[in-house]
Amino acid sequence: MQQAKENPESPVSAPAPEARATRDPEGQGQIVLGATPIGNLSDASPRLREIMASAHLIAAEDTRNFHHLAQGLGVRPTGRVMSLHEHNETHKISEVLEAVRDGATVLVVSDAGMPAVSDPGFPLVAAALDEGLLVTAVPGPSAVLTALALSGLPTGRFTFEGFLPRKAGERRKRLQALESEERTMVFFEAPHRLAAFLQSLLEVFGAERQIAVARELTKKFEEVRRGSVPELLAWAQDGVRGEIAVVVSGAQAPAAGKPEDHVGQVQQLITAGTRMKQAVAEVAEARGLKKRELYEAVLAARQQGEK
């Protein structure tokens with residue numbers, strides 16, 4: 001998602017030693033998904049530096065950005081560098097897979113963050129796995145997790161929704177499908193469309209949702225603003241710059257009601273052949289009820305019916 005740029009206030013660690021590309025002695029090639037910095041070059045891991053230097057083939061979303069990254073990290077790639085982006089990935093897959101079959105280590109990198117997550121790489125990974133080829137990853141920076149962690153919103157359960165459609169009608173339709181989503185949601189958005197996105201969010205989700213807008217994560221001008229949708233919409237109207245991630249609180253779970261209100265659902269499951277204990281457990285979990293209270297309510301209803 002994000003363009004990695006050198007941060008002049010963050011010192012770059014010492015250059016990694018040069019490495020020569022050598023094929024696996026057993027002849028087994030592999031695809032390595034390499035997570036690159038989302039802003040601060042010092043976040044590059046030692047493993048990333050090593051694989052950048054030693055991979056036989058580097059498939060980069062933008063070859064110029066990759067060379068800039070390598071230069072900033074003090075790494076001298078020994079393998080061939082090729083482009084692999086959303087417009088040519090379908091045509092390049094066969095070339096990459098052939099190299100892997102030949103025993104090569106292929107490093108796949110996007111401009112920033114983890115390839116295949118809202119970036120090129122997924123079709124290649126799927127094709128490689130279909131052939132039983134080895135796919136692994138060098139983990140590292142993630143705009144999704146960084147924004148989520150800094151949002152101040154619940155992190156126990158979340159969903160990543162990526163970029164929504166640019167057209168207002170299609171964007172609103174996607175948001176309507178998420179209106180009752182109880183998990184925290186993470187979105188990506190372009191800075192010039194942020195106000196329009198928040199306006200759609202206000203129209204569909206209402207004014208009470210809490211959100212966080214994170215921009216320029218790990219960079220010099222990193223900023224995270226937290227508040228209600230109307231508050232951040234007013235801020236975004238003046239224009240926002242930088243890479244953007246929006247974190248949105250989930251919908252409140254519907255009130256569970258009294259155990260007695262759900263006895264009929266338990267009895268329907270029992271009539272359909274489900275054991276009483278299991279039926280009670282299923283309904284209690286789905287409705288957020290205590291199993292013991294629901295069980296007692298079912299027994300009470302039975303006793304009442306026998307009178």
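**A walk through the predicted model**

Start with helix α2, residues 63–73: with 3 residues, this helix gives the most to the lining of the largest cavity. Keep in mind as you look around that this is a predicted model. A search of the whole structure turns up 1 cavity of 30 Å³ or more, and its volume is about 60 Å³. Ten residues would be a lot to click through, so begin with those closest to the centre of the cavity, out of the 10 that line it: Asn65, Phe66, Leu69, Ser110 and Asp111.

Helix α2 also turns up in the surroundings of helix α1. Helix α1 covers residues 46–54, and its buried residues are Leu48, Arg49, Ile51, Met52 and Ala53. Yes, there's an arginine on that list. What do these buried residues pack against? Their partners are α2 plus the strands β1 (30–34), β2 (57–60), β4 (105–109) and β5 (134–138).

Now move along the chain to the largest nonpolar core, which has 22 residues. The members that touch the most other members are Phe187, Leu194, Leu198, Leu201, Phe205, Val246 and Val248. Several elements chip in with at least two residues each: β7 (184–189), α7 (194–205), β8 (210–215), α8 (229–236) and β10 (244–248). Helix α7 supplies the largest share, 6 residues.

Val246 is a handy place to see how this core is put together. Leaving aside residues up to four places away in sequence, Val246 touches Met185, Val186 and Phe187, then Leu194, Phe197 and Leu198, and also Ala212 and Val213.

Ala212 leads on to another valine, Val224 in strand β9. These two are 12 residues apart in sequence, while their C-alpha atoms sit 6.6 Å apart in space. Is Val224 buried or exposed? Its relative accessible area is 18%, and because the cut-off for buried is under 20%, Val224 counts as buried. Beyond its sequence neighbours up to four places away, Val224 touches Leu150, Ala212, Val213, Ala214 and Leu217.

Thr218 sits in the loop between β8 and β9 (223–228). Thr218 counts as buried too, since its relative accessibility is 18%. Where does its side chain reach? To the backbone nitrogen of Gly39, at 3.4 Å.

Finish at residues 265–301, which UniProt lists, in an unreviewed entry, as "domain: RsmI HTH". In the model this stretch is 81% helix and 0% strand, and its end C-alpha atoms are 12 Å apart.

Key:
Residues are numbered from 1 along each chain as its sequence is written. This is a predicted model: local features need pLDDT of at least 70, side-chain atom pairs count only at pLDDT 80 or more; totals for chains, interfaces and linings use all residues. Side-chain values use heavy atoms; hydrogens and water are left out. A nonpolar core is a set of buried Ala, Val, Leu, Ile, Met, Phe, Trp, Tyr and Cys residues joined through side-chain atoms within 4.5 Å. Buried means under 20% relative accessible area, exposed over 50%, partly exposed in between (1.4 Å probe, protein chains only). Helices (H or I, at least four residues) and strands (E, at least two) are DSSP runs, numbered from the N terminus. Contact means heavy atoms within 4.5 Å. A polar contact is a pair of N or O atoms within 3.5 Å; within protein, one must be able to donate a hydrogen and the other to accept it, and residues adjacent in sequence count only if both atoms are side-chain atoms. UniProt positions are given in the numbering used here, feature names are shortened, and annotations may be inferred rather than shown by experiment. On a 1 Å grid over the protein atoms alone, a cavity is a set of points where a 1.4 Å probe fits but cannot get out, and a pocket is an open set with protein on both sides within 12 Å along at least five of seven lines; lining residues have an atom within 4 Å of a point. Grid points are joined across faces, edges and corners, and a volume is the space filled by probe spheres set on the points.
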